[in-house]
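Please find below my notes on this model, set out as numbered points. They are meant to be read with the sequence and the structure open alongside.

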Amino acid sequence: MNTKAIVYTSNTGYTAEYAKILGEKAGLPVYSLDEAEKNVPEKSEIIYLGWVMAFRIQGYEKAAKLYNIAVLCGVCLGTTGSLIGEIRKAQKVDESMPLFTLQGGFDMNKLRGVNKFIMKIMKKILTNQITAKDEQTDDDRTILRLLNEGGSCVREENLSPVLDLIKE
């Protein structure tokens, strides 16, 4: 890999946290997508991280027009490694693109405008779906806790598969 930078789009800070950890571990500069436009030459190879909404990685399309994305990461409520098929399909990400998901966090107080409105609705829907299950998994309980109490699941170890790929 000839990666020049880690580039990200973050809404409430969890994606930015992952980007900073990844940049530190990989020895690469880290930029928000807006900062990258001023600091990273177009068509450079990057690792892109964005937050997930409706199985779509936010900022991905803009980043893909500007840069050669070598690795794509989506930060979501779901468990690290989940939702990859759904994101590939919704985002139309080719199978050849290395795609990872990372469990982020949730804080309703950090959301604004339409995103806050949407998440209030999604919180009710997800809570109802999970509590209606006969048996809840550990992942279900984690998502319920995040939705109802807020919190972060950002962990360096969640980035292990991404770091392993970069080191190859």
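1. In this predicted model, Val 162 is in contact with Leu 22, Val 71, Cys 73 and Phe 100, once its neighbours within four places in sequence are left aside. Val 162 also belongs to the largest nonpolar core, which has 21 residues, and it is listed there with Leu 22, Ile 47 and Leu 49 as having the most contacts inside that core. The elements that give two or more residues to this core are strand 1, helix 1 (14-26), strand 3, strand 5, strand 6 (99-103) and helix 7 (160-167). Helix 1 gives the most to this core, with five residues. Apart from this core lies another, of 20 residues, and Val 7, Val 40, Ile 57 and Ile 87 are among them.

2. How many of the nine residues of strand 3 are buried? Eight of them are, so strand 3 is largely enclosed by the rest of the structure. Strand 3 pairs in the parallel sense with strand 1 (residues 5-9) over five bridges, and in that pairing Val 7 stands opposite Tyr 48. Strand 3 is also joined to strand 5 (residues 68-76) by seven bridges, again in a parallel arrangement, with Asn 68 in strand 5 as the bridge partner of Glu 45.

3. The pairing of strand 3 with strand 4 (residues 56-57) is antiparallel and rests on two bridges, with Met 53 standing opposite Arg 56 in strand 4. These two strands form a hairpin with two residues between them, where Ala 54 takes a positive phi near 55°.

4. Ser 44 lies in the loop between helix 2 (33-39) and strand 3 (45-53). Ser 44 counts as buried because its relative accessible area is 10%, and the cut-off for that term is under 20%. A polar atom of the Ser 44 side chain lies 2.7 Å from the backbone oxygen of Pro 41. Leaving aside neighbours within four places in sequence, Ser 44 is in contact with Lys 4, Tyr 67 and Asn 68. By contrast with these contacts, a separation of 18 Å lies between the C-alpha atoms of Ser 44 and Ser 96, which are 52 residues apart along the chain.

5. Helix 5 (residues 113-131) has 19 residues, which at 1.5 Å a residue should span 27 Å, and its end C-alpha atoms are indeed 27 Å apart, so the expected and modelled values agree. Within helix 5, Asn 115, Met 119, Thr 127 and Ile 130 are buried. These four cover an arc of only 95° around the axis, which means that they sit on the same side of helix 5. Val 114, Phe 117, Lys 124 and Asn 128 are exposed on the other side of helix 5. The cover over the buried residues of helix 5 includes strand 3, strand 7 (105-106) and helix 6 (138-149).

6. Asp 140 is found in helix 6, and a reader may ask whether this acidic residue is buried or exposed. Asp 140 counts as buried, because its relative accessibility is 7%. The side chains of Asp 140 and Lys 133 are joined by a polar contact of 3.0 Å. Not counting residues up to four places away in sequence, Asp 140 touches Ile 130, Lys 133 and Glu 135, and Ile 130 is one of the buried residues of helix 5.

Conventions: Residues are numbered from 1 along each chain as its sequence is written. This is a predicted model: local features need pLDDT of at least 70, side-chain atom pairs count only at pLDDT 80 or more; totals for chains, interfaces and linings use all residues. Side-chain values use heavy atoms; hydrogens and water are left out. Buried means under 20% relative accessible area, exposed over 50%, partly exposed in between (1.4 Å probe, protein chains only). Contact means heavy atoms within 4.5 Å. A polar contact is a pair of N or O atoms within 3.5 Å; within protein, one must be able to donate a hydrogen and the other to accept it, and residues adjacent in sequence count only if both atoms are side-chain atoms. Two strands pair if DSSP finds at least two bridges between them. The expected span of a helix is 1.5 Å times one less than its number of residues. The arc is that of the directions from the helix axis to the C-beta atoms. A nonpolar core is a set of buried Ala, Val, Leu, Ile, Met, Phe, Trp, Tyr and Cys residues joined through side-chain atoms within 4.5 Å.
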